[in-house]
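Q: I'm new to this one and would like a close look at a single part. Could you take me through one helix and what sits around it?

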Amino acid sequence: MEMNLNDLKAQGLLLHACCGPCAEYPLKNYLAEGVQPVLYYYNPNIHPKKEWQRRYESLARLAESEPAELLVNRDFDQASWLALGESPQRCLFCYASRMRATARKAQALGLKYFTSTLLISPYQQREAIIAAGHQAAAEYDRIFLEEDWRDHFREGQCLAREDGLYRQRYCGCLLSLKNSRYKRQVGKSLMSFEPQEGTPQPRVCRLG
C-alpha cells in the first residue's frame, strides 16, 4: 500500500462495498491517506430485496457524510444462489461474481486499482476473496489490493453504531439467513422497514 500510494492517488481506486458498517473504516482510512476511492455497491446476493435496500441506504448515508462518490448496480440474482443449494461453492461463487463485476467496472471507469470491504470481516474467507480478486484483476487488466483491515473490524462497527448505520445480522443470501440464529429478529425488522423515498434513484449517484 505505501509504495503504491502516489500511484493509487493518481490512477484511482474502486472500492467494492458490501454494506455501510464494513465500509466505515476502509473509506475513512483511505480518505485520511489522501486517496479518494469510488464506492461500488454491487451485491446481487443480498436477499430479500428489502434487505438489499436497507444495506444500500446505510452505505448511501455513509457516502453522503464523508462525502464519497457512490456507484450502484441494482442486479438481484436470487436464482443463482439457490441453484447452488447448501454447497460451500456458493460462497466462492459469491466472491468471484462480485470481484469480477468490480474489476469490470474499474476498467470501464479507467481506475487502475480495486479492492473490497469484505476484507475487513473476520467472518469471511479471506484467501478465497483474494484469489477471486486477483483472478478478476488479471481478466480485466487491473490491480487488486490485498488489504487487511481485520484488526479494525470492531472499530468499524463502533463507528457505524455512532453514525447510526444499520448493522446486519447475516451475510446476505437467503441460505445465510436461514442459518442465522437471528433470523426471527431479522424477519420482524424487515416487516417494519420502509425504504426511504427516492432511494435509490439513478444507477450512478454522485453524493457530496
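A: Here is a walk through helix 2 and its surroundings, with a stop at a helix pair afterwards.

First, some ground rules: this is a predicted model, where local features need pLDDT of at least 70, side-chain atom pairs count only at pLDDT 80 or more, and totals for chains, interfaces and linings use all residues. Residues are numbered from 1 along each chain as its sequence is written, and side-chain values use heavy atoms, with hydrogens and water left out.

Let's start with Pro 21, which sits in helix 2 (residues 20–32). Helices here are DSSP runs of H or I with at least four residues, strands are E runs of at least two, and both are numbered from the N terminus. Pro 21 has a relative accessible area of 3%, so it is buried (under 20%; over 50% would be exposed, and in between partly exposed, using a 1.4 Å probe and protein chains only). What does Pro 21 touch, leaving aside neighbours within four places in sequence? Its contacts (heavy atoms within 4.5 Å) include Ser 58, Gly 156, Ala 160 and Tyr 166. Leu 62 is 41 residues away along the chain, yet its C-alpha atom is 8.7 Å from that of Pro 21.

Further along helix 2 comes Tyr 30, also buried, at 1% relative accessible area. Its ring pairs with that of Trp 149: the centres are 5.9 Å apart and the planes at 90 degrees, so the pair is edge-to-face. For such pairs, rings of Phe, Tyr and Trp (its six-membered ring) need centres within 6.5 Å; planes under 30 degrees apart are stacked, over 60 edge-to-face, and the rest tilted. Trp 149 is buried too, at 4%. It lies in the loop between strand 5 (143–144) and helix 7 (153–162), so the pair ties together parts 119 residues apart in sequence.

Tyr 30 also belongs to the largest nonpolar core, which has 54 residues, and is among those with the most contacts inside it, along with Leu 14 and Phe 114. Such a core is a set of buried Ala, Val, Leu, Ile, Met, Phe, Trp, Tyr and Cys residues joined through side-chain atoms within 4.5 Å. Helix 6 (residues 126–140) supplies the largest share of this core, 7 residues.

Helix 6 has a partner as well: its axis and that of helix 5 (residues 89–109) come within 8 Å and cross at roughly 35 degrees. These axes are lines fitted to C-alpha atoms over the stretch in contact, with angles from 0 to 180 degrees between N-to-C directions.
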